Amino acid sequence: MEKTTRTALVVGANGVIGRNLVDHLVATGDWDVVGLSRRGGEPAGRVRYLSVDLLDPVETKERLAGLTEVTHVFYAAYQDRPSWAELVPPNLAMLTNVLDAVEPVATGLRHVSLMQGYKVYGAHLGPFKTPARESDPYFMPPEFMHDQQAFLTARQLGKDWTWSAIRPSVVTGFALGNPMNLAMVIAVYAAMSKQLGLPLRFPGKPGAYDALLEVTDAGLLARATVWAATEERCANQAFNINNGDLFRWSELWPKIAGFFELDVAPGLPLALGTVMADKEPLWDAMVAEHGLAPHSYQEVSSWGFGDFVFSWDYDMFADGSKARRFGFHEFVDTGARFLEIFEDLRRRRIIP
């Protein structure tokens with residue numbers, strides 16, 4: 001096989017977004033891939049991994065000094081912090097450290113893709129303008145995604161490479177040990193409800209059950225991200241990427257319950273981060289009883305993120321038509337996709 005001229009550096013390669021991006025790049029057969037994360041990974045085929053602390057600029061420069069062949073950087077790393085203001089310094093520093101390390105050595109760099117989200121529109125703060133559009137003005141800082149894009153825009157001036165900013169909604173897909181994994185939240189919550197002989201109750205705010213929202217499939221997101229990074233018309237542009245359909249939990253929840261063969265009971269606001277905190281013994285018993293893969297309770301727990309998503313008692317969606325106008329026409333049936341992800345978790349013996 002003729003060697004590709006494209007090498008992707010996937011920053012944050014072990015998360016839901018990064019893992020699916022690596023899989024897609026490999027599947028195309030056109031890319032060599034270098035995955036960056038704190039945990040590293042096992043090399044396979046045209047993929048190799050580097051373990052690096054991106055908050056350490058010296059270590060980052062040393063570990064990435066040999067990446068002269070990188071042509072595309074796909075940045076999907078994230079550091080969590082207790083407050084919105086505290087998120088800014090580490091998340092801006094990591095992006096800065098990556099470019100400070102890669103740009104001088106990767107002389108053939110063509111594109112930097114920045115993963116964002118609806119936080120750009122203030123979606124995490126409360127009711128915001130919907131449908132959100134890429135041209136919507138910023139709000140009062142702090143917001144690290146604004147700082148990252150401003151940094152990237154300024155850095156690109158006069159350079160041969162271009163950038164794109166990709167804005168998904170909540171991303172659904174497979175990954176373990178990820179703090180932002182909605183499908184895993186629902187699957188483990190439903191499996192535990194069944195184990196305890198309970199119906200499936202919606203655990204969020206009452207108003208969230210009927211709010212209008214959307215999600216972004218991780219596979220769709222990977223394809224859109226690579227499309228934007230390799231389509232010249234997308235240079236220096238931001239794109240909302242979503243499945244293309246809207247739903248309400250009031251419609252989807254009974255279908256999820258049906259998959260797990262559970263009855264639906266009236267919702268009850270449950271702080272999952274609190275009520276699921278003592279469930280590790282239950283999980284361990286389920287792993288033993290059902291012969292599940294030996295994953296720890298911590299690996300399958302994303303309860304804080306579930307509380308965050310289920311608190312949205314307001315509409316949560318953006319206009320995805322810009323990507324379609326630029327040529328990306330894929331869509332995903334959200335209801336069907338949730339059930340496919342649950343089935344995949346069963347195949348992997350993550351849930352019974």
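Biologist: So a pocket is an open set of grid points with protein on both sides within 12 Å along at least five of seven lines, and lining residues have an atom within 4 Å of a point. Which residues lie nearest the centre of the largest pocket here?

Modeller: This is a predicted model, and in it A76, A77, Y78, N178 and M180 lie nearest the centre of the largest pocket, whose lining has 43 residues.

Biologist: What volume does the largest pocket have?

Modeller: The computed volume of the largest pocket is about 1000 Å³.

Biologist: And which helices and strands supply at least two residues of its lining?

Modeller: Each of the following does so: helix 1 (16-28), helix 4 (144-156) and helix 10 (303-309), together with strand 2 (32-37) and strand 7 (170-172).

Biologist: How many of the lining residues are nonpolar, polar or charged?

Modeller: The lining of the largest pocket has 25 nonpolar residues, 13 polar ones and 5 charged ones.

Biologist: How is the chain divided into domains?

Modeller: There are two pieces to keep in mind, domain 1 (6-171 + 217-241) and domain 2 (173-215 + 246-317 + 329-346). The contact takes 24 residues from domain 1 and 22 residues from domain 2, while the C-alpha centres of the two domains lie 27 Å apart. To return to the largest pocket, its lining draws at least three residues from each of domain 1 and domain 2.

Biologist: Now for cavities: what lines the largest cavity?

Modeller: The count of cavities of 30 Å³ or more comes to 1, and the largest cavity holds about 70 Å³ of space. Its lining is made up of N240, I241, N242, G320, A323, R324, F328 and E330, with at least two residues supplied by each of strand 10 (237-241) and helix 11 (321-326). By class, that lining has 3 nonpolar, 3 polar and 2 charged residues.

Biologist: Let's change topic to helix 9. Which of its residues are buried?

Modeller: In helix 9, which spans residues 280-290, the buried residues include L282, W283, M286 and V287. These four lie on the same side of helix 9, because they cover an arc of only 140° around the axis.

Biologist: What do they pack against, and which residues are exposed on the other side?

Modeller: The buried residues of helix 9 pack against helix 5 (182-195), whereas P281, A288 and E289 are exposed on the other side of helix 9. Just after helix 9 comes G291, which takes a positive phi of about 65°.

Biologist: Which residues other than glycine have a positive phi?

Modeller: Two examples are N236, with phi near 55°, and R349, with phi near 60°. N236 is found in the loop between helix 6 (218-230) and strand 10, while R349 is in the segment after helix 12 (334-347).

Biologist: Why does R349 count as partly exposed?

Modeller: R349 has 33% relative accessibility, so it counts as partly exposed. N236 is also partly exposed, with a relative accessible area of 29%. The cut-offs here are under 20% for buried and over 50% for exposed, with partly exposed in between.

Biologist: OK, where is V70, and what does it touch?

Modeller: V70 is in the loop between helix 2 (57-64) and strand 4 (72-75). If residues up to four places away in sequence are not counted, V70 touches T7, L9, V102, A106, G108 and L109. V70 counts as buried because its relative accessibility is 0%.

Biologist: And M115, is that residue buried or exposed?

Modeller: M115 has 10% relative accessibility and therefore counts as buried. M115 lies in strand 5 (residues 111-115), and, leaving out residues up to four places away in sequence, it touches I17, Y75, A76, I166, P168, L221 and T225. One of these, A76, is among the residues that lie nearest the centre of the largest pocket.

Biologist: One more thing: which peptide bonds are cis?

Modeller: One cis peptide bond joins T130 and P131, with omega of about -5°, and another runs from P141 to P142, with omega near 15°. P131 is in the loop between strand 5 and helix 4, and P142 is likewise found in the loop between strand 5 and helix 4.

Definitions and conventions. Residues are numbered from 1 along each chain as its sequence is written. This is a predicted model: local features need pLDDT of at least 70, side-chain atom pairs count only at pLDDT 80 or more; totals for chains, interfaces and linings use all residues. Side-chain values use heavy atoms; hydrogens and water are left out. Buried means under 20% relative accessible area, exposed over 50%, partly exposed in between (1.4 Å probe, protein chains only). The arc is that of the directions from the helix axis to the C-beta atoms. Contact means heavy atoms within 4.5 Å. On a 1 Å grid over the protein atoms alone, a cavity is a set of points where a 1.4 Å probe fits but cannot get out, and a pocket is an open set with protein on both sides within 12 Å along at least five of seven lines; lining residues have an atom within 4 Å of a point. Grid points are joined across faces, edges and corners, and a volume is the space filled by probe spheres set on the points. Ala, Val, Leu, Ile, Met, Phe, Trp, Tyr, Cys and Pro count as nonpolar, Asp, Glu, Lys and Arg as charged, and the others, Gly among them, as polar. Domain bounds come from an automatic or database domain assignment.
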